[in-house]
Amino acid sequence: MDNEVHRGFETLAIHAGQEPDPATGAVVPPIYQVSTYKQDGIGGLRGGYEYSRSANPTRTALEVCLAEIEAGARGLAFASGLAAEDALIRTVCKPGDHVIIPDDAYGGTYRLFAKVAEPWGVAFDPVPLGDAAAVRAAVRPETKLIWVETPTNPLLGIADIALLAGIAHDAGALLAVDNTFASPYLQRPLELGADVVVHSTTKYMGGHSDVVGGALIVSDAGLGERLAFHQNAMGAVAGPFDAWLTLRGIKTLGVRMDRHCANAEKVADMLTRHPAVRQVLYPGLPDHPGHEVAAKQMRAFGGMVSFRMESEEAAVRVCERTKLFTLGESLGGVESLIEHPGRMTHASAAGSPLEVPSDLVRLSVGIEDAGDLLRDLELALG
């Protein structure tokens with residue numbers, strides 16, 4: 001394609017890294033289900049491929065697409081979101097270094113820092129990232145990374161990416177943004193000053209609850225090379241079929257996110273008016289403390305809604321009574337999910353500073369008929 005022609009997000013999602021196959025004209029990249037490649041003489045790699053841990057054409061197509069849709073210099077695809085996080089930590093940190101993480105980070109991220117990185121020698125502090133003064137106060141000379149989720153999982157907190165990028169860079173640190181909840185369709189952290197974007201591509205990128213994967217996208221090619229070395233050396237790469245499924249999901253990311261957001265707004269509005277609901281957490285609501293920042297850095301407010309009931313028992317009861325909202329972990333698929341974070345996705349944070357309220361319910365609002373979803377929740381709430 002002519003590089004002089006502007007290509008919008010939806011165009012990039014469908015075409016970036018996915019030119020028709022030169023041999024057959026196939027409009028979808030093939031699944032190169034292969035482990036090794038014939039070399040044209042010793043050291044003569046055909047197209048740069050020698051062994052599929054190091055590179056695979058299907059994964060390459062996904063990595064090019066990831067870089068394009070996040071406006072980055074390089075994308076890297078991993079076997080899971082946590083594999084991507086682990087590779088990032090071990091690339092940019094060493095024993096003795098320090099990381100700042102959100103005080104309401106995803107439970108798996110907290111577990112990775114608390115149970116894996118910290119015993120290795122990397123210290124970390126959970127900090128309310130919406131409080132710039134608290135972030136500045138937490139920075140140490142050995143701080144190498146500020147880790148951001150926005151919106152956060154599961155409390156839907158919002159952090160100002162541009163502001164935090166300034167704080168990180170003033171300290172000589174990098175800013176990494178977990179963009180899983182927003183997706184690059186709604187938010188592009190690298191354009192706001194972040195150095196690294198992290199994704200669980202299992203979620204909105206794949207979009208159909210049929211693949212597990214992760215990604216890192218960077219603005220600096222040199223950092224991309226360092227990450228690529230660790231990706232190959234550590235080996236937690238995306239397999240070709242997983243890469244192909246993720247590419248397929250990305251093609252419809254824009255239209256799916258439009259429906260996720262529209263449905264979530266209707267769900268949040270209904271919940272704010274329901275007498276059994278104590279509090280609704282959704283950045284699209286005008287009274288959300290991060291609403292103005294979210295409106296500034298996001299196209300729309302996402303498909304995740306959390307709410308608090310009067311008690312843990314009431315929260316559990318709602319989770320058990322829905323019919324369309326399936327009780328299950330994960331998020332970002334076309335089908336709606338409901339969960340109790342304290343007992344499910346965030347159980348690993350129990351007893352820690354990141355423990356979530358026991359009366360909290362998290363919704364991943366899907367793309368079903370909005371009226372059906374509202375009726376399902378109304379009946380479950382009683």
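Select P151 to begin, which lies in the loop between strand 4 and helix 6, where helices (H or I, at least four residues) and strands (E, at least two) are DSSP runs numbered from the N terminus. The model is a predicted one, in which local features need pLDDT of at least 70 and side-chain atom pairs count only at pLDDT 80 or more, while totals for chains, interfaces and linings use all residues. Residues are numbered from 1 along each chain as its sequence is written, and side-chain values use heavy atoms, with hydrogens and water left out.

**The loop before helix 6**

With P151 still selected, add T150 and look at the bond that joins them, a cis peptide with omega of about -5°. Moving along to P154, which has its place in the loop between strand 4 and helix 6, you will find that the peptide bond from N153 to P154 is cis as well, with omega near 15°. Then select L156, also placed in the loop between strand 4 and helix 6, where phi is near 55°, a positive value in a residue other than glycine. L156 counts as buried because its relative accessibility is 1%; here buried means under 20% relative accessible area, exposed means over 50%, and partly exposed is in between, with a 1.4 Å probe and protein chains only.

**Helix 6**

Next, select residues 161-170, which make up helix 6, and colour its buried residues, namely I161, L164, A165, I167 and A168. These residues lie on the same side of helix 6 because they cover an arc of only 165° around the axis, the arc being that of the directions from the helix axis to the C-beta atoms. An α-helix has 3.6 residues a turn, so residues three or four places apart point the same way. To see what covers the buried residues of helix 6, display helix 5 (132-138), strand 4 (143-149), strand 5 (174-178) and helix 11 (291-297), which are included in that cover.

At the N-terminal end, helix 6 is capped by D160, a side-chain oxygen of which lies 3.3 Å from the backbone nitrogen of A162. Beyond the helix, select G172, which follows helix 6 and has a positive phi, near 75°.

**The largest pocket**

Which residues lie nearest the centre of the largest pocket? Among its 28 lining residues, those nearest the centre are G157, I158, H288, P289 and G290. The elements that give two or more residues to this lining are helix 6 and strand 8 (279-281), and strand 8 gives the most, with three residues. By class, the lining has 15 nonpolar, six polar and seven charged residues, where Ala, Val, Leu, Ile, Met, Phe, Trp, Tyr, Cys and Pro count as nonpolar, Asp, Glu, Lys and Arg as charged, and the others, Gly among them, as polar.

**Helix 7 and helix 3**

Select S183, found in helix 7 (residues 183-186), where phi is near 75°, a positive value in a residue other than glycine. S183 counts as buried because its relative accessibility is 1%.

From there, go to T91 in helix 3 (residues 81-92), which counts as buried at 8% relative accessibility. The side chain of T91 reaches the backbone oxygen of A87 at 2.6 Å. Leaving aside its neighbours within four places in sequence, T91 is in contact (heavy atoms within 4.5 Å) with R226, L227 and H230.

**Two partly exposed residues**

Now select A123, which has its place in strand 3 (residues 123-127) and which counts as partly exposed at 24% relative accessibility. Display D97, H98, V99 and R140 together with A123, since A123 is in contact with these residues once its neighbours within four places in sequence are left aside. For a long measurement across the model, pick the C-alpha atoms of A123 and C261, which are 138 residues apart in sequence and 37 Å apart in space.

The last stop is G342, in the loop between strand 11 (337-339) and strand 12 (360-364). Is G342 buried or partly exposed? At 27% relative accessibility, G342 counts as partly exposed. Not counting residues up to four places away in sequence, G342 touches A347 and V356, and from G342 to L360, 18 residues apart in sequence, the C-alpha to C-alpha distance is 7.4 Å.

Definitions and conventions. A polar contact is a pair of N or O atoms within 3.5 Å; within protein, one must be able to donate a hydrogen and the other to accept it, and residues adjacent in sequence count only if both atoms are side-chain atoms. On a 1 Å grid over the protein atoms alone, a cavity is a set of points where a 1.4 Å probe fits but cannot get out, and a pocket is an open set with protein on both sides within 12 Å along at least five of seven lines; lining residues have an atom within 4 Å of a point.
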